[in-house]
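Reader: I keep meeting words such as "buried" and "paired" in descriptions of structures. Please take me through some of them, and give the reason for each.

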Amino acid sequence: MGIPSADWLVRPIGPVDEAEVSAVLAERFGVTGTVHDLGSQQDRNYRVRTETGDYVLKIANPASDPAALRAQCAAVERLADASGLRLPRAHAGVDGEVVQRLSAGGVELVCRLLDYVPGEPIMDSRYLAPPVVARLGELAGRVVAGLADFAGVEQERPQLWDLRNALTVVETLAPHLPDQERAARVLRASRAAHTLLEPFVDRLPVQVIHGDVTDNNVVCEPAADGRRMPVGVIDFGDLGLGWTVAELAVTCASVLHHHGAGPASVLPAVHAFHAVRPLANEEVDALWPLVVLRTSVMVVSGQYDTLLDPGNGYASVALDREWAMFEAAVSVPAEVMTAQLRHALGRPSAQLLPVAEHTLLPGLPDDVASLDLSVSSEELHTGRWLAPDAETVLARATLTAGRTAVRTRHGEFRLTRTTVDDSVPAATCALGVELHLTGPAEIRAPWAGTVTRHGDTGVTLHTGGLDLLLDGVDAEVQPGPVVSGRRLGTVAAHEGVRVLGIQLFRSCATGDRPPRFAPPELAAGWLEVCPDPTRLFLAPDAPDASSSAPYDAPLSARDAQQAITEAELLERREHSFATVQEHYFETPPQIERGWRHHLVDTRGRGYLDMLNNVTILGHGHPGLGEAVHRQWRRLNTNSRFHYASVVELSERITGLLPAELDTVFLVNSGSEAVDLALRLAWAATGRQDVVAVEEAYHGWTYASDAVSTSIADNPNALASRPPWVHTVAAPNSYRGRHRGPQSRRYAPEAAARIRELADQGRPLAAFVCEPYYGNAGGMALPDGYLRQVYEATRDVGGLCVADEVQVGYGRLGSHFWGFEQQGVVPDIVTVAKAMGNGHPLGAVITRRDIADAYRTQGYFFSSAGGSPVSSVVGLTVLDALRDEDLQTNAREIGAHLKGRLLELAERHALIGAVHGSGLYLGVEFVRDRESLEPATEETAAICDRLRELGVIVQPTSDRQCVLKIKPPLCLTRRSADVFADALDDVLTHGW
């Protein structure tokens, strides 16, 4: 095989003997130390360790010009003074020159001694979080800004990595590569990208650029959350004149091989670069073609290097990585990515469609109904959207109701395309429309063009770079030119149904056909390339035509509106909603739909809900919805009226508890329930002092907040308690004062504290505790803890309050109530959350004598507590728990999930412990299993990454280092595995 020749092609250097390297260091630089080969693609780099510091001896390729090497050193000095980055500054040799000559293996070479820049690269394929990608873009921007007026490059010469030469490089090397199938793909992609680039080549700013600000040429420091954040730039070997935007293109390309990366992953880098060095419109338009060209050059040059130097492990290892970058770069047409980039920077194009001279379907009635397939659709309730034929079923139902035609909506994020239990977001944004008809309809060309056929029933009308794609046509026209208004055929009938697919597409350089649906993260780009065809068959003033953007509007207008909805809504929330009422995630998805243990945002992204312990039955429960609807239509008032449901609910609750707990108060929330429980204890005992367990949360009312000791919920909780609240140590057997077998000491210590308070003249009114330690992350109390503490409480005349708000109602799987696991019977039980499946409903259950004691305080009344609707909700929840056997499901699926999590703990050192029972679990992250240093920041970052993978989960505990795992009890084994697999992915590939 012949080897191509060009002055920009460089033969890699072979290894240089380390003894020779040491001799050069001593002779030329006066430095002695140990030498280690770092590897390189074309040069040779050696790390030098000395007693006074570390250096890198960089031996340049014979083709390197010493003047260019001096320019690199000067550029580093320029940036070091202005950028604040860590940089490899050069050290002069004993003769005062930074560039030194040496002879190795009979070849004359030059070398430099540079500072070793501390830190680690991020070249491995681990996941790069958006903040890391943004930092890469920022660094690239700071480098080009710092070099904007740098004139140290004496002459311009062709270079392999100068993207102005990219097509020449690819066309020169591709024919000589061993893998000709890949070479052909790269050639096609490069030529298409170059075609898109040509209009801008004379308008793109040129300056001296680093040329290689990539994941391999930045050094990083670990941030508090464990992410490696870039802090410095190394390897200025590609310094030279080039398009300024090429610096960003190179950086973006390097992101694409990382785990889970796709074209949209580069957007944070583009935003960050633009903030430092603003991009002109032509640079935005050139950026993605340059990314494609960069990855193409990397593929062909990498194969070329291994062809010349088969033993170069550095180059060989990079081949798969370089191919992955190329595959990602061409996975979306460059025109689509350019539109996406413009949209991201607030610069959508305002391209116009040609005027339709004839209607596409002249016989179509004006009253074409539109199907609502969005996340907010009222027709797609009770999970009907998960059926594979949901769209067809709804369309037929609409036609059956008397319509002759119905249509879908362009640009709609369709709920019917949402997937669940899938870490990859589904393509949900409709790039065309479908028209469902009851009878025949003729199709005419809206403008002149050329017809081609695809498949049995497909017709495409090509008109000046715009394609009209029609599917479902009984075609009558032959391929070739057609005039405006020419009859193309009729809508084909298939099994008694006529469906016409209509899509407009601005032809791409690659010639690819567009998909029917786009993923949410690229919807803006695809919608600009695939404009709305609705006006081709529906008049602007026709009924129900308002959802389509007019032809003279920017093509991205619809998507722009959808894209800003979430941001605008969040801004409105901040203005009108007290900010102390926090939301999950810094940039939260807008959740508008739920079904069982899944949530769906407005863009049709499905999420696995591993967090929501309020909706114990799951979201959108049909039986609950129907029961509430019936009762609302019938009656809703307050419990002072006499009706059956409040009696039935009270009886059902007491029937689930020990016989002595026979009296019920109905309230609206867990906070109210705990508050009332304490007031009952005060009234029954005539005292006020209460003992609470540390690190616990009980509510936000005066009394429930007073006994809440969690500093995660209130940083001042321990310092701001009223004098009647006393605490005992959190019985945390994993990281508390007593651990493992020694945790049995918590109970006698708490009992002793209770008796001590009585001896001091402050006998308790109540001891309040969660029977299963929820705030710590679903941790069991030590065996016998409540038995001993309850005994001490009762010995001093106090009452025992079991806060079952989180753990009750079968969540533990093994027991319906948490206190049953401890083998005790409390005096007062509080419950909420699960009791109403999200409806505001709570209860306090106690003995009759305790309840009657409250009359000394007056009377009790809750306007909505125990209302007919609330009572029906409570009864329906209990029915569903029983009929769907959800406690058994919690036990079985919870055991399976805990087993999966324990297996992960064996492989991932960050997992310190797995707590809990049933579907009341917690995964505790620690930085060190000996010291148990909490991995607080890592936990928050892991939750962010899990959300990207379609799993909603949040931190808990005072240290915020525990994943709170309390999903609806309808969780399936499949979904449990999805969660465990996603967590494994994050812990394996990074967050």
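Author: Start with pairing: two strands pair if DSSP finds at least two bridges between them. The structure shown is a predicted model. In one of its open sheets, three strands follow the order β15-β21-β19, with antiparallel pairing.

Reader: Why are β15 and β19 said to stand at the edges?

Author: β15 (442-444) and β19 (473-475) each have a single partner strand, so one side of each has no neighbour in the sheet. From one strand to the next, the twist averages 35 degrees.

Reader: How do you know that β19 and β21 are paired?

Author: Three bridges join β19 to β21 (residues 487-491). At least two are needed, so the two strands count as paired. They run antiparallel, and one of the bridges sets Ala475 opposite its partner in β21, Gly489.

Reader: What is the order of the strands in the open sheet of seven?

Author: The order is β28-β36-β35-β34-β31-β29-β30, and the pairing is mixed.

Reader: What makes β28 and β30 edge strands?

Author: β28 (663-667) and β30 each pair on one side only. Neighbouring strands of this sheet are turned against each other by 20 degrees on average, with direction ignored.

Reader: How do you know that β29 has a partner on either side?

Author: Count the bridges. β29 shares three with β31 (residues 766-769), in the parallel sense. With β30 (residues 725-728) β29 shares four, also parallel. Both counts meet the minimum of two, so both are pairings. Val690 of β29 shows this at a single residue: Val690 stands opposite Ala766 in β31, and its bridge partner in β30 is Val725.

Reader: Which way do the side chains of β29 point?

Author: In β29 (residues 690-693), Val690 and Ala692 point one way, while Val691 and Val693 point the other way. In a regular strand the side chains alternate between the two faces of the sheet. All four residues of β29 are buried.

Reader: Which helices lie across strands of this sheet?

Author: Among them are α15 and α18. Helix α15 (residues 644-655) lies across β28 and β36 (842-846), at about 120 degrees to β28. Helix α18 (residues 746-759) lies across β29, β30 and β31, and runs at about 155 degrees to β30.

Reader: Why is Tyr790 called buried?

Author: Buried means under 20% relative accessible area. Tyr790 has 2% relative accessibility, so Tyr790 counts as buried. Its place is in helix α19 (residues 785-795). Leaving out residues up to four places away in sequence, Tyr790 touches Phe767, Cys800, Val801, Ala802, Val824, Val825 and Pro826. Tyr790 and Val768 are 22 residues apart in sequence, while their C-alpha atoms are 9.8 Å apart in space.

Reader: Is Ser862, a residue in a loop, buried or exposed?

Author: Ser862 lies in the loop between α20 (848-853) and α21 (868-883). The relative accessibility of Ser862 is 9%, under the 20% limit, and therefore Ser862 counts as buried. Beyond residues up to four places away in sequence, Ser862 touches Ser639, Leu666, Val667 and Asn668.

Reader: What makes the approach of Ser862 to Gly865 a polar contact?

Author: A polar atom of the Ser862 side chain lies 3.0 Å from the backbone nitrogen of Gly865. The cut-off is 3.5 Å, so the distance passes.

Reader: At what angle do helices α4 and α8 pack?

Author: Helix α4 (residues 166-173) and helix α8 (residues 281-308) pack at about 35 degrees, with axes 9 Å apart. Their crossing is left-handed. On the α4 side the contact is made by Ala166, Val169, Val170 and Leu173, and on the α8 side by Leu293, Ser296, Val297, Val300, Ser301 and Tyr304.

Reader: How many of the residues in this contact are nonpolar, and how many polar?

Author: Eight are nonpolar, two are polar and none is charged. Ala, Val, Leu and Tyr are among the residue types that count as nonpolar, whereas serine is not listed as nonpolar or charged and therefore counts as polar.

Reader: How much of the whole chain is buried?

Author: Of its 991 residues, 58% count as buried. The chain has 24 helices and 41 strands. Among contacts with a separation of 6 or more, 74% come from residues 24 or more positions apart.

Methods:
Residues numbered from 1 in each chain as written. Predicted model: local features only at pLDDT ≥ 70, side-chain atom pairs only at ≥ 80, totals over all residues. Heavy atoms only, no water. Axes fitted to C-alpha atoms, helices over the stretch in contact; angles between N-to-C directions. Left-handed = near helix turned anticlockwise from the far one by under 90°. Contact = heavy atoms within 4.5 Å. Buried < 20%, exposed > 50% of the residue type's maximum accessible area, 1.4 Å probe, protein only. Polar contact = N/O pair within 3.5 Å; in protein donor to acceptor, adjacent residues only side chain to side chain.
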